[in-house]
Amino acid sequence: KDAGVEVEEEVLATIATLVSDNVRELGGALNRVLAFSALMGEPVTLEMTKEVLRDLTAQEPKRGKARVEDAERDLKPGGAYLVKEERPTDCFRLFSRAAAGGDGGVLITRSNPKRVREKFDLGSVRILWLTDRESSSEDTIPPVLERIIYEIEEFMKKGTRGAILIDGIEYLVSNNSFDAVLKFLRRLIDHVSETRYTFLLSLSPATLKEQEVKILERE
């Protein structure tokens with residue numbers, strides 16, 4: 001344990017590998033990870049450690065399927081992509097890259113926008129917090145499918161190329177129906193396919209029924 005926080009040996013070994021030639025840097029790297037853990041209220045995991053120390057890991061050979069796919073995935077304008085992962089880390093990175101290469105992006109997410117901005121370089125991307133709650137500091141949007149379509153289409157009218165990301169598909173399903181959400185996604189995919197925008201859908205497979213995940217994969 002370090003300062004009351006449980007740190008697995010695998011995490012310590014990863015940090016040591018990155019800065020093994022400098023004890024002071026080793027301590028600094030560990031402190032960065034612990035500080036991020038305390039700020040976000042998350043346990044120290046290997047995935048989170050690599051994210052916090054990505055400026056160091058970028059100098060290392062790419063390891064792991066997700067990181068290689070992130071580097072090699074070729075996002076095509078007019079394309080729609082389903083990204084399956086427990087947390088939308090790689091999806092947010094892909095979205096950031098696609099938005100930066102165009103006229104910006106719109107992100108509809110269940111995650112707290114403040115935390116998203118702290119963790120990812122999203123520039124001037126518009127973030128809409130997918131929630132029924134009101135917020136005095138963030139733009140929010142309820143899980144109303146027609147309202148979401150309207151916001152996305154209004155965004156697309158302002159440019160010619162960019163990115164759209166929806167993170168929180170399970171929340172939409174729980175507030176509507178799977179068939180309604182599927183119809184909504186088909187409409188959005190058809191609309192995007194006629195433009196130079198890129199559509200990303202983040203999905204944690206554990207949040208939906210297996211059959212529903214398979215249907216989304218086919219779409």
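So, salt bridges: searching the whole structure turns up eleven of them. Keep in mind that this is a predicted model. I'll walk through a few of the pairs, then get to the helices.

Start with Asp 90 and Arg 93. Their closest N and O atoms sit 2.6 Å apart. Both residues belong to helix α6, which runs over residues 89-100, and they are three residues apart, so to speak about one turn of the helix. If you want the geometry behind that, an α-helix has 3.6 residues a turn, so residues three or four places apart point the same way. Now, buried or exposed, what is Asp 90? Asp 90 counts as buried because its relative accessibility is 12%, and the cut-off for buried is under 20%. Arg 93 comes out at 22%, so this partner is partly exposed.

Next pair: Asp 139 with Arg 126, at 4.0 Å from N to O. This one links distant parts of the chain, 13 residues apart: Arg 126 is in strand β3 (126-130), while Asp 139 is in the loop between β3 and β4 (140-141). Asp 139 is partly exposed, with 43% relative accessible area, and Arg 126 is partly exposed too, at 36%. And the pair has company: Arg 126, Asp 139, Arg 147 and Glu 151 are linked in a network of salt bridges.

Third pair, and this one leads into the helix packing. Glu 153 bridges to Arg 187, with the closest N and O atoms 3.8 Å apart. Here we're joining distant parts of the chain again, Glu 153 in helix α8 (residues 145-156) and Arg 187 in helix α10, 34 residues apart. As for accessibility, Glu 153 is partly exposed at 25%, and Arg 187 is partly exposed at 37%.

So how do α8 and α10 pack, and at what angle? The angle is about 10°, and the axes are 11 Å apart. Angles under 35 degrees count as roughly parallel, and therefore that's what we call α8 and α10. On the α8 side, the residues in the contact include Leu 145, Ile 148, Ile 149, Ile 152 and Met 156, along with Glu 153 from our salt bridge. From α10, they meet residues including Ala 180, Val 181, Phe 184, Leu 188 and Val 192, and Arg 187 is there as well. By class, that contact has ten nonpolar, one polar and three charged residues.

Now over to helix α11, residues 210-218. Which of its residues are buried? They are Glu 212, Val 213, Ile 215 and Leu 216. These cover an arc of only 160° around the axis, which means they are on the same side of α11. Turn to the face away from that buried side and you find the exposed residues Glu 210 and Arg 218. And what covers the buried residues of α11? The cover includes strands β1 (80-84) and β6 (196-203), plus α10 (178-193). So α10 shows up twice in this story: in the packing with α8, and here in the cover over α11.

Last, the overall picture. The protein has eleven helices and six strands. Of its 219 residues, 45% are buried. And if you take the contacts with a separation of 6 or more, 62% of them are between residues 24 or more positions apart. That's all from me.

Definitions and conventions
Residues are numbered from 1 along each chain as its sequence is written. This is a predicted model: local features need pLDDT of at least 70, side-chain atom pairs count only at pLDDT 80 or more; totals for chains, interfaces and linings use all residues. Side-chain values use heavy atoms; hydrogens and water are left out. Buried means under 20% relative accessible area, exposed over 50%, partly exposed in between (1.4 Å probe, protein chains only). Helices (H or I, at least four residues) and strands (E, at least two) are DSSP runs, numbered from the N terminus. The arc is that of the directions from the helix axis to the C-beta atoms. Contact means heavy atoms within 4.5 Å. A salt bridge is a side-chain nitrogen of Lys or Arg within 4 Å of a carboxyl oxygen of Asp or Glu. Axes are lines fitted to C-alpha atoms, for helices over the stretch in contact, and angles run from 0 to 180 degrees between N-to-C directions. Angles under 35 degrees count as roughly parallel, over 145 as roughly antiparallel, 65 to 115 as roughly perpendicular and the rest as oblique. Ala, Val, Leu, Ile, Met, Phe, Trp, Tyr, Cys and Pro count as nonpolar, Asp, Glu, Lys and Arg as charged, and the others, Gly among them, as polar.
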